[in-house]
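Hi,

Here is the structure I promised to pass on. Have a look at it first, and my notes on what turned up are underneath.

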Amino acid sequence: MPAWLKDAIFYEIYPQSFYDSNGDGIGDINGITQKLDYVKSLGFNAIWLNPCFLSPFMDAGYDVADYKAVAPRYGTNEDLYNLFSEAHKRGMHVILDLVPGHTSDEHDWFVNSKTAEGSEHNDTYIWTKSVWDRPEGFSWVAGLAERDGSYLINFFNSQPALNYGFADVTDPSWQMPYTHPICQANFDRMLDVMRFWLDRGCDGFRVDMADSLVKNDRGKRATASLWHKARRMLDKDYPEAVLVSEWCNANRAINLAGFHCDFVLCHPGTINQLGFRNKVDGENKSYFCKTAHQSAEHMLERYLNDYQVSKGNGYMSIISGNHDNERISWTLDESELRLAYTFIFTMPGVPFMYYGDEIGMKYLPQKSKEGGYHRTGSRTPMQWDKNAINLGFSTADVLELYLDVDRSENAPTVSEQIDDPDSLLNFVRSLTQLRHDNEDLQADAEFEVLVCDLSGVLCYRRGNLAVAINPTAVTQMMHMNIGEKIFEVGFATNQGQIALLEPQTAVVFKLK
Ligand code: NOJ
């Protein structure tokens, strides 16, 4: 387990929307490098970069056309190597997005695979025997290739699934067992991609749809066996590199497959859904919403189970949001955000924050861009400077922008918040500082729920510290002496052995 994860706090950067350093209307790698000091100054010591590889961008780059080449619109491979080295100079780590389940249909492997003649990449993807086969239970595309066959896809039609075989072969005429040397060799090609970037300074990978590799793999054991191969490679040759899974099942991802971290995604029953973005028929039922007034029990149930089973083997990663979900400010107002962020940065595991959430950027529903659909509203350019053209994201003409910035009057910006001690940005900074300063708040320090009742109050212990949160709109009592406070949002007082937590209050205190 790489030791640096203990105190890692990640910042997710969507490269097209972060900072445009050359004025062509789209964010780029050099723009990220130029903003490293900003990211670092907020207390983030690690970055997750969304896909930045050659791609036709039918799915924002999750349709990779060349795993080893940076997309020209973002710069060059050298720019990315430079980003790694500048990050390392600042004591920061950078992980890339690995998309192992599928490629773009423009990837050379697929272009070769879809030709009629038996090709080198005949079995790199999953083809049925004939174009008239319509395999039930799978997503497939028929009739677009010269080759007589339908191919399985993983996500959009432009994302053919790579062939890692089947755990349960139900039709041997076109399905290979996952143990087949060709399927294993297909995964070895991914290992080669990983080596390529690790050898050039990358610190690990966030793995897209990590559970999607082997088909008909109900218990995910076959898929996990592939990831074990990856983990063995890292343990042996790159012991400081990390693997973070997009899986949302800690038992499978961490215990079975060997990932170092697994994301808590916005799936039913997760913190990300019940705690941060639970709108039901227009009503906000998110735990951190002041009017929701409910016990945290429901929100924590799935998490606690996953935490218990994976404890000691890896970390769960709570994230404020990502490029696939509505921004957290869609459901939580600023005072609610402060409580949610206090929670994110004081819970066990490795926390992540999505770019722009530190200033409360808004979710802006709009026309789909590059396969974003409803997700486009969370992918708008970073808002750097209130008084600069395009809010400081780019100097390009408005019409040249790949995606417009938030033009609303009250669009939050870094420039307005950076020097304001009471701003959300500086609040985030104080939280990351608190976590860095207190080992008890870091990834593997003890964690235990102390209070979780119908009052809505949640209190949990982290080592010799405790965190108490009252998200409701009324003052709540907690049967505990809050002793010496080391961090406070809102206001909390002791009355003998009882603590009074004012509405929307969170407090971190030392246990006696
Ligand atoms: C999950 C990614 O986060 C999402 O953006 C993408 O569209 C799909 N995987 C397909 O790769």
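**Around the ligand**

Twelve names to keep at hand when you open the pocket view: the residues around the ligand are Asp59, Tyr62, His102, Phe155, Arg206, Asp208, Met209, Glu246, His323, Asp324, Arg375 and Arg379. Before you go further, bear in mind that this is a predicted model.

Three polar contacts are worth a look. On the oxygen side, arginine 206 has a polar side-chain atom 3.1 Å from an oxygen atom of the ligand, and for aspartate 324 the distance from a polar side-chain atom to a ligand oxygen atom is 2.5 Å. Aspartate 208 deals with nitrogen instead: an N or O atom in its side chain sits 2.7 Å from a nitrogen atom of the ligand. As for how much of the ligand is covered, it exposes 300 Å² when taken alone, and the protein buries 98% of that.

**Domains**

The domain assignment splits the protein into three: domain 1 takes 3-101 + 183-439, domain 2 takes 102-163, and domain 3 takes 446-510. Between the centres of domain 2 and domain 3, taken over C-alpha atoms, there are 56 Å.

**The sheet**

Next up is an open, antiparallel sheet of five strands, running in the order β15-β16-β17-β22-β19. Which strands sit at the edges? Those are β15 (448-452) and β19 (485-489), each of which pairs on one side only. From one strand to the next, the twist averages 15°.

Helix α10 (residues 334-346) packs on this sheet, where it touches β16, β17 (465-470), β19 and β22 (505-510). The direction of α10 makes about 25° with that of β16.

If you want one spot to zoom in on, try the start of the sheet order. β15 and β16 (residues 458-462) are joined in the antiparallel sense over four bridges, with cysteine 452 standing opposite leucine 458 in β16. The two strands make a hairpin with five residues between them. In that turn, glycine 456 has a positive phi of about 100°.

That's what I have so far. Shout if anything looks odd on your side.

Cheers

Terms used: Residues numbered from 1 in each chain as written. Predicted model: local features only at pLDDT ≥ 70, side-chain atom pairs only at ≥ 80, totals over all residues. Heavy atoms only, no water. Domains from an automatic or database assignment. Pairing = 2+ DSSP bridges. Axes fitted to C-alpha atoms, helices over the stretch in contact; angles between N-to-C directions. Contact = heavy atoms within 4.5 Å. Near = heavy atom within 4 Å. Polar contact = N/O pair within 3.5 Å; in protein donor to acceptor, adjacent residues only side chain to side chain. Areas by Shrake-Rupley, 256 points an atom, 1.4 Å probe, with all protein chains shown as cover.
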